[in-house]
Amino acid sequence: MSANVELDDVWIRFGDFVAARDVNITIEGGEFFSFLGPSGCGKTTILRAVSGFLAPSQGHVRIGGQDMAGIGPNKRPTALIFQNLALFPLMTVWENISFSLEVRGAGKAERRKKADELLELIALPGQGDKFVNELSGGQRQRVAIARALAAEPKVLLLDEPLSALDLKLRQHMRTELRSIQQQVGITFIYITHDQGEALTMSDHVAVMSAGVIEQVGGGTNVYDHPESAFVASFVGENNLFSGKVSKVSADRATVETNVGNLTAATPKRSNGAKLKRGDDAYVFIRPESLKFANGSNSFDNTIKARIVQQEFEGNLWQVFLDAAQGKHIKMSMVNDGQSLGYDSGSEVALGFPSELAVALPRGPLAAE
Amino acid sequence: MKSDNFLKLWVGLFVLAFFAYLFGPLILMSVTAFNSSAFPRVAPWECFSVEWFNVLVQDDKLMHGLRNSLIIGAGVVLIAVPIGLAGALMLTQVSARVRPIYYTIVISPILVPGVVLGISTLIFWDRLGSMFGAEYDSFFYDGIFLTIIGQSTFIAAYAMLVFISRLQRFDPALEEAALDLGATHVQTFRKVLLPFLKPAVGSAAVLAFLASFENYNTTVFTIVSESTLTTVLASKVRYGINPSISALAVIIVALTLLGAVIYEIMQRRELAAEKAAAKVAADAETAGVATTTPVATRASKAGAFADPAVFIVLLVFAAGLGTVYFAGTYGLEECKVRVAEQKRALTKKRVKERQTLEMFKGAAPSEDTGAAGGGQPKIEAKGTEGYRGIFDPGNLEGQVESEKNGKVEAKGTEGYRGIFDPGNLEGQVDSSEQQ
Ligand SMILES: Nc1ncnc2c1ncn2[C@@H]1O[C@H](COP(=O)(O)OP(=O)(O)OP(=O)(O)O)[C@@H](O)[C@H]1O
Ligand SMILES: [Mg+2]
């Protein structure tokens, strides 16, 4: 059983501070939806509004079509996995997992049975009698998930549940979470400031910055077609060139930058106004979209640069270059078994097709 | 190097002096409880005896006071602990701006002198009682009720401090987690917060009980016509004490020590269990597999009496009690007879001395200094004797007796009592010089 979640014109204020501004999102039942944004942008705040720990200052939260105003967290069909897990330290694992049944008055046998089922699901069979502090970090993580699932929520809310884990375990847990979601089929709303996590697991991602939803879309959409300078700089790596718009066509804009005129695609739907001639703008081009321009290929954009350093990463070459006026450029190339063909210090021309670059109005960028 | 040793010596001396200062009185008093002498003292040592414990148990006033103290202590625990808990919980609920004001208000009973609390409690309930036209045997004028109420006003604040310090370590997310999982607020309190606060409830109860048990300032006003242990003790000091008071002190000190030792053992167990648990978890993490090792924390959950170390401590304690009791009764009568004989012999000697002194005095009546010297020790002796016996219940009787039996008898008891008094010796030297 899953339910959709609608955030309709939601504002959340703490005094004068606006933690969430005009949030309008519809999350379909049964999907894996992520909120992605830097620390302090208001992700937890939105999740708390969905789970019922705080009431929006304005707007509506609807779950399964029902307005949640005035309904407490213990009455909502949601279960929250806390940023710090918040497992009960004085209870055993199985008591933790079956807590939601206990408060509903279920008998011990029933609770134990449910706990054992869920322990099976999270691949921790036979660990029910341990205490939480006797588990490893990843095991605790899974117990928290099981505890939330035991409540049979229609919507599971996860607040950066993997942030405390080391890289390897995190990657392992990602796949595990995704498979659990597919198994139980309920709506997952997942919060993270790790874009890799958001992109790999989610059906849809909402990118947030300072209380504002910058863009909602599928992972590829957000990565390939950023709609704001913030999204372009926050999601994945990007080379940024700033300048003034000199020419605008239907879906292209040409920007005068330090390294010459660059032509790039303009998104169909952009946050704010469309680019006009004379506007301040940014052109973003991903490191993997840059190629060496030599006789055999031709691009509508070329940049002259000098190779400063090359790093070999096995599957990739990372090439660092300096263009005119000391502009740093990064480029990555798939290692195809051939040598790069250039030495550090050599002058090269870089090229890219305009459809792989994006021109966006100047705006706040993600902090490095 | 040398100055280093010197410093160490000084530090050692200081520590020694410090502990002597701390525990000297306690040790001395505890020892007096086992001396058969009728006045609490270490020297002269008469007989090793536990009779004062019997005297203590048979002292009806003291026992009545003790009973009241226990009742009041229990009452205070029942009132002060819940109020303290409520106060501490409230502190976590009020907004950050109000918090300092709230804290100051609820903590203020600790800052108000106990005497003031006592008097105000008394007056308040008296006024209330007369407002309702209550009888004098109603609870408005009941010493035990008033004392429980009066003491609870500030002991609740102590309890609150205990709860606050525990609550500061509580993760509020746990409460939210419980709510999120469908628990009501009452269920959250009962199943999550209360188990977490359980150790603090114990500490607060013990603290409240002890604070109530030893309270005098407030109690002396609110107790009205009743009595508690402290008020009985206070009145005893006024009219003279015997070593049964020391015996009481020994019992209290022993129970405290026992409690402290058991607490320490349990604490260490828990710590060890926690460490073991952490190790198990770490092992599981490195191995990356599900371990099924026996659960270490279970040990700390078992009752105190199942703990072998605690059991041994209790056993040793009981054995010590038995030994002391046996030693204190065995051969006590013979010893007492011996001491009495010694006393008698000494008295005789004294009487003889006195008689020879009188004889000399009679022989040289013309000597001015002699007459003065003869008079001097008598006066001095009387003075010191009066001082020293101030706590002696037999003192009054003794004086009456000595008045009846004449000076000689008085001198006899005085001589014995003052046998270690350096001033006494001087007097004797003085008088012998006169001779
Ligand atoms: N109760 C509160 N009162 C005032 N300000 C708050 C409150 N809770 C959150 N904020 C503010 O709201 C903003 C968003 O907080 P939130 O916890 O939602 O961040 P987040 O996106 O979850 O960050 P992180 O990734 O670090 O967890 C922060 O600037 C925070 O200071
Ligand atoms: Mg957060």
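Helices, taken as H or I runs of at least four residues, and strands, taken as E runs of at least two, are DSSP runs numbered from the N terminus. In those terms, the largest share of the shell around ligand 1, amounting to 3 residues, comes from helix 1 of chain A. The model described here is predicted, and the points below go from chain A as a whole to the ligand shell, the nonpolar cores and a handful of individual residues.

**Chain A as a whole**

- Chain A is built with 9 helices and 20 strands, and its C-alpha trace spans about 75 × 50 × 30 Å along its principal axes.
- The chain has 368 residues, of which 52% count as buried.
- Among the contacts in chain A with a separation of 6 or more, 67% are accounted for by residues 24 or more positions apart.
- The area that chain A exposes comes to about 16,000 Å², and carbon and sulfur atoms supply 49% of that area.

**The surroundings of ligand 1**

- There are 13 residues around ligand 1, and those that come nearest are Ser39(A), Gly40(A), Thr44(A), Thr45(A) and Glu160(A).
- By kind, the residues of this shell divide into 4 nonpolar, 7 polar and 2 charged.
- At least two residues of the shell are supplied by strand 2 (17-27) of chain A, and at least two by helix 1 (43-51) of chain A.
- Ser39(A), already named among the nearest residues, has an N or O atom in its side chain that is 2.5 Å from an oxygen atom of ligand 1.
- Thr45(A) places a polar side-chain atom 2.6 Å from an oxygen atom of ligand 1, while for Gln83(A) an N or O atom in the side chain is 3.0 Å from an oxygen atom of the ligand.
- On its own, ligand 1 has 630 Å² of accessible area, and the protein covers 60% of that area.

**Nonpolar cores**

- The largest nonpolar core has 76 residues, and the ones with the most contacts inside it are Leu7(A), Ile25(A), Phe35(A), Phe88(A), Phe99(A) and Phe163(B).
- Helix 6 (residues 143-167) of chain B provides the largest share of this core, with 11 residues.
- Phe99(A), when residues up to four places away in sequence are not counted, touches Phe88(A) and Met91(A) in chain A, together with Ala178(B), Leu181(B), Ala183(B), Lys191(B) and Val192(B) in chain B.
- Another core, of 35 residues, lies apart from the largest one, and its members include Ala150(A), Leu156(A), Leu165(A) and Ile186(A).

**Ser98(A), a residue in a loop**

- Ser98(A) sits in the loop that lies between helix 2 (93-97) and helix 3 (99-102) of chain A.
- Because buried means under 20% relative accessible area, Ser98(A), at 1% relative accessibility, counts as buried.
- A polar atom of the side chain of Ser98(A) lies 2.9 Å from the backbone oxygen of Trp94(A).
- Once its neighbours within four places in sequence are left aside, Ser98(A) is in contact with Arg111(A) and Ala115(A).

**Residues with a positive phi**

- Asp9(A), which is not a glycine, nevertheless has a positive phi of about 55°.
- This residue, Asp9(A), has its place in strand 1 (residues 5-14) of chain A, and with a relative accessible area of 29% it is partly exposed.
- Ala210(A), likewise a residue other than glycine, has a positive phi near 45°.
- Ala210(A) is located in the loop between strand 9 (204-209) and strand 10 (212-217) of chain A, and its relative accessible area of 58% makes Ala210(A) exposed.

**Two pairs of positions, in sequence and in space**

- Ser298(A) belongs to the loop between strand 15 (291-292) and strand 16 (301-312) of chain A, where it counts as exposed at 69% relative accessibility.
- From C-alpha to C-alpha, Ser298(A) and Pro353(A) are 8.8 Å apart in space, and in sequence they are 55 residues apart.
- Val220(B) is part of helix 9 (residues 219-222) of chain B and is partly exposed, with a relative accessible area of 34%.
- Val220(B) and Gly202(B) are 18 residues apart in sequence, and their C-alpha atoms are 27 Å apart in space.

Definitions and conventions:
Residues numbered from 1 in each chain as written. Chains lettered and ligands numbered in written order. Predicted model: local features only at pLDDT ≥ 70, side-chain atom pairs only at ≥ 80, totals over all residues. Heavy atoms only, no water. Near = heavy atom within 4 Å. Polar contact = N/O pair within 3.5 Å; in protein donor to acceptor, adjacent residues only side chain to side chain. Areas by Shrake-Rupley, 256 points an atom, 1.4 Å probe, with all protein chains shown as cover. Nonpolar A, V, L, I, M, F, W, Y, C, P; charged D, E, K, R; others polar. Core = buried A, V, L, I, M, F, W, Y, C linked by side-chain atoms within 4.5 Å. Buried < 20%, exposed > 50% of the residue type's maximum accessible area, 1.4 Å probe, protein only. Contact = heavy atoms within 4.5 Å.
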